Amino acid sequence: MTAATSPSGARARQSRNSANLLRYGLIAGIIVGLITITTVVGREQNTPAVIIASFLATLVAVATPITLGALGGIFCERAGVVNIAIEGLMLSAAFFGFVAAAQVKAWGVPSLPSLLAGVLAAVLASVLFSLLHAVLSITFRIDQVISGTVINILAMGLTGYLHQQLVFQGGDLPAAGVLPVLRVPFLADIPVVGQIFQQQPMAILAIVLVGVTHFVLFHTTWGLHTRAVGEHPRAADTVGINVQAIRYANVLIGGVIAGLGGAYFTLESVPNFQPLMTNGRGFIALAAVIFGNWTPAGAWAAALLFGAAQALQINLQFYASALPASLGFLKTSQFVGMVPYLLTMLALTGVMGRSTAPAADGQPYEH
Amino acid sequence: MAVSETSSPALLPPPASPRRRRLPERLRTLLVPLLAVFTALVVNAIIIALSGSNPLLAYQGLWEGAFGSPQALSETAVWATPYIFAGLAVAFAFRGGQFNIGADGQLVVGAVVSAWMGYGLPRLLPFALPAFIHLPLTLLAGGLAGAAWGAIPGWLKARTGAHEVINTIMLNYIALLAASYLLNGPMKDPSPTNVLARTPLIAVSARLPVLVAGFRAHWGLILGLVAAVVIWWVLRQTTLGFEIRTTGANPEAARYAGINNRRIIILTMAVSGFLAGLAGAVEVTGLNYRHDLSFSTGYGFDAIAVALLARNDPLGVVLSAVLFGAMRNGASRMQFLTQVPIDIISVVQALVLLFVAADAIIRFIYRVKAPEQRVVFTRGWGR
């Protein structure tokens with residue numbers, strides 16, 4: 001069957017393209033709208049160029065965990081494993097990364113190597129929980145959403161417990177600090193706009209990984225096998241692909257990437273750990289996967305959209321004093337805080353373009 | 001997306017069999033959950049030991065705190081009450097093939113609305129409301145608010161296919177932010193000494209009485225037991241219950257049988273939200289007599305554990321709610337005696353959930369040959 005060359009296939013592709021156009025157009029439109037609001041509100045204090053540049057710089061930074069979480073989710077789901085545990089993976093990575101970095105630092109190691117050790121520990125923690133998800137959902141074939149929920153609850157409980165334990169035992173480890181800001185050559189030196197290109201390592205890594213994930217999924221044999229397993233495991237099995245092995249590997253790869261997303265919270269954004277600090281970002285990442293139609297580029301665009309909603313909240317706080325009385329409700333952080341969650345729900349309705357999941361997503365495979 | 005509880009994926013749910021199940025068989029279905037709880041406690045003891053505390057002392061404190069005195073028993077009942085309602089909410093949704101992770105949000109909405117009915121409504125009326133009107137009205141309003149909040153993801157799923165798992169989670173955050181706004185703003189307790197995000201006290205006519213004078217356990221517990229029986233009866237004996245179970249077990253088959261799936265999905269989520277909203281309303285009317293932002297956290301995830309341990313059986317929910325309530329309640333005494341943080345209870349819960357969900361592990365460890373009850377629940381993203 002060559003669906004792409006048949007007339008109906010061409011039509012399907014055309015409608016998919018127009019759906020994508022609509023989706024990306026809407027995302028760009030909403031981001032521009034949110035930036036405009038900030039620019040108008042802050043116009044007394046700063047020039048539009050400064051406001052826009054700082055908004056975009058915040059946007060890139062805060063979209064990082066959502067982007068990484070989404071990329072992790074894409075690897076899992078393209079191989080047919082639903083992963084709602086991203087939130088838990090990132091939370092445990094954030095905690096163990098933080099503790100490891102602080103501990104290594106306490107041994108007298110300089111900050112940067114301690115932080116890198118922290119990132120490693122974060123990834124390791126996330127991979128271990130991913131392994132649990134893989135064992136439960138691939139080997140034991142228990143329901144994947146339930147397995148994911150189990151891991152989320154386990155991660156919340158375990159990090160909360162160990163964090164309390166640390167506090168009780170008076171072991172307030174001094175934090176190792178945060179990862180240094182890197183400057184993109186040349187671009188970071190441009191006046192005003194340059195700050196968009198001065199980002200910390202995870203933020204830059206996230207963008208690089210969008211490209212890498214796209215390449216791996218759509219231009220390598222590995223990616224082909226992965227997608228085959230996610231679309232039609234029986235057929236993949238018939239041609240000799242080891243379905244279970246591919247699924248295991250992809251869930252673990254997803255764990256690595258989600259772990260980097262978790263590292264963002266405690267090793268890049270702020271130098272401390274708070275219980276439940278991921279605050280739903282893992283679930284939003286999952287929505288970004290769906291909204292981005294299970295493609296890295298689409299998920300990134302969605303992550304930027306959710307990031308923009310958060311950047312709005314952060315930037316508006318900065319200009320809160322300048323808000324006119326008519327826009328006073330924007331001062332109440334609760335309403336602006338709802339925007340990312342409302343956008344997520346809106347995105348899932350399909351008003352902004354429908355998505356199609358990998359055909360075998362969520363279904364355990366039995367030989 | 002379907003729930004089937006038999007070893008083979010049945011087309012229709014098992015009929016309400018008039019043949020009484022023999023007692024040993026009944027007991028054997030309890031075996032796996034009990035072993036799951038036991039195994040979770042063992043693994044948890046290892047975690048406690050690894051983090052440098054004495055697990056036996058901790059468990060002793062847990063037991064004393066949960067059942068050691070009349071006071072402890074009353075507090076266990078206090079904890080179990082919202083778990084019964086929220087657990088029923090999640091279990092009911094599961095039976096209809098819906099995964100309601102949003103009990104938290106529905107509970108908050110229910111609590112806020114019933115708190116307003118409790119303190120705000122009497123101020124609007126020129127006459128005093130008698131308790132036999134005010135109290136039911138307050139409870140009902142809380143339940144209906146939860147039902148509305150639950151119906152949103154149900155409606156979105158029925159209309160657009162948007163998965164309820166993500167939408168219910170998003171609605172949790174939205175509900176908490178909305179409650180935070182209301183309790184810090186329009187609904188904030190205006191008394192000059194108050195700095196907390198909480199409502200004023202509700203009128204006496206809107207309060208549920210306590211069960212025994214001098215103890216905090218209240219009539220909410222009885223209401224919870226009644227609710228469990230009602231839900232059991234609805235699922236088991238009514239046409240609506242049959243339609244819900246059929247849609248949950250096999251939506252395709254349900255459609256062929258002429259059941260309106262969309263209607264059932266919305267209804268299932270609304271009833272589930274109603275129960276979760278009642279959990280909030282009962283906390284307000286029976287225990288706290290107001291709503292405070294810090295009162296409602298984490299019930300939603302606990303409720304999932306309660307429901308799954310009970311295998312979504314409404315009467316089983318009561319038992320597992322008491323178990324989790326006892327653990328939550330005993331935890332404070334445990335922390336006081338052994339400095340093991342209360343949060344360890346969340347770890348136990350996750351472990352219980354793990355072993356209940358992956359009961360193959362339990363069967364393998366203990367070589368059990370209990371009847372297999374497999375919960376199959378997701379079919380991808382349900383589109």
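**Notebook: chains A and B, predicted model**

I began with chain B, where buried residues make up 57% of the 383 residues. I note at the outset that this is a predicted model. For the secondary structure of chain B, I counted 15 helices and 0 strands. I then turned to contacts in chain B between residues at least 6 apart in sequence, and found that 81% of them join residues at least 24 apart.

**Entry: helices 13 and 14 of chain B**

I looked up how helix 13 (residues 314-338) of chain B lies against helix 14 (residues 344-357) of chain B. Their axes come within 9 Å and cross at roughly 160 degrees. Angles over 145 degrees count as roughly antiparallel, and helix 13 and helix 14 of chain B are therefore roughly antiparallel to each other. I recorded the crossing of these two helices as right-handed.

Which residues of helix 13 of chain B meet helix 14 of chain B? I listed B:Phe324, B:Met327, B:Arg328 and B:Ala331 from helix 13, and opposite them B:Ile345, B:Val348 and B:Gln349 from helix 14. By class, I find 5 nonpolar, 1 polar and 1 charged residues in this contact. As background to such lists, an α-helix has 3.6 residues a turn, so residues three or four places apart point the same way.

**Entry: where chain A touches chain B**

I next examined the two chains together: 43 residues of chain A are in contact with 42 residues of chain B. On the side of chain A, the elements that give two or more residues are helix 6, helix 11 (281-291) and helix 13 (333-349). Helix 6 of chain A supplies the largest share, 17 residues. I sorted this side of chain A by class and obtained 25 nonpolar, 16 polar and 2 charged residues.

**Entry: helices 5 and 6 of chain A**

Helix 6 of chain A led me to its packing against helix 5. Helix 5 (residues 111-139) and helix 6 (residues 144-168) of chain A pack at an angle of about 150 degrees, and their axes are 9 Å apart. That angle makes helix 5 of chain A roughly antiparallel to helix 6 of chain A. I noted that their crossing is right-handed.

From helix 5 of chain A, the contact uses A:Phe129, A:Leu132, A:His133, A:Leu136 and A:Ser137. From helix 6 of chain A, I recorded A:Gln144, A:Ser147, A:Gly148, A:Ile151 and A:Ala155. The residues of this contact divide into 5 nonpolar, 5 polar and no charged.

**Entry: helix 3 of chain A**

I checked the length of helix 3 (residues 64-78) of chain A. At 1.5 Å a residue, its 15 residues should span 21 Å, and the end C-alpha atoms are 21 Å apart, which agrees. Is helix 3 of chain A mostly covered or mostly uncovered? I find it mostly covered, with 15 of its 15 residues buried. Helix 3 of chain A is followed by A:Gly80, and I noted that the phi of A:Gly80 is positive, near 95 degrees.

**Entry: A:Val210**

I located A:Val210 in helix 7 (residues 201-219) of chain A. I class A:Val210 as buried because 22 other C-beta atoms lie within 10 Å, the cut-off being 20 or more. Leaving aside residues up to four places away in sequence, A:Val210 touches A:Thr67, A:Leu71, A:Pro296, A:Ala297 and A:Trp300. I also compared A:Val210 with A:Val229: they are 19 residues apart in sequence and 21 Å apart in space, C-alpha to C-alpha.

Key: Residues numbered from 1 in each chain as written. Chains lettered and ligands numbered in written order. Predicted model: local features only at pLDDT ≥ 70, side-chain atom pairs only at ≥ 80, totals over all residues. Axes fitted to C-alpha atoms, helices over the stretch in contact; angles between N-to-C directions. Helix = DSSP H or I, 4+ residues; strand = E, 2+ residues; numbered from the N terminus. Parallel < 35°, antiparallel > 145°, perpendicular 65-115°, else oblique. Left-handed = near helix turned anticlockwise from the far one by under 90°. Contact = placed C-beta atoms within 7 Å. Nonpolar A, V, L, I, M, F, W, Y, C, P; charged D, E, K, R; others polar. Expected span 1.5 Å × (residues − 1). Buried ≥ 20, exposed ≤ 12 C-beta atoms within 10 Å, placed from the backbone.
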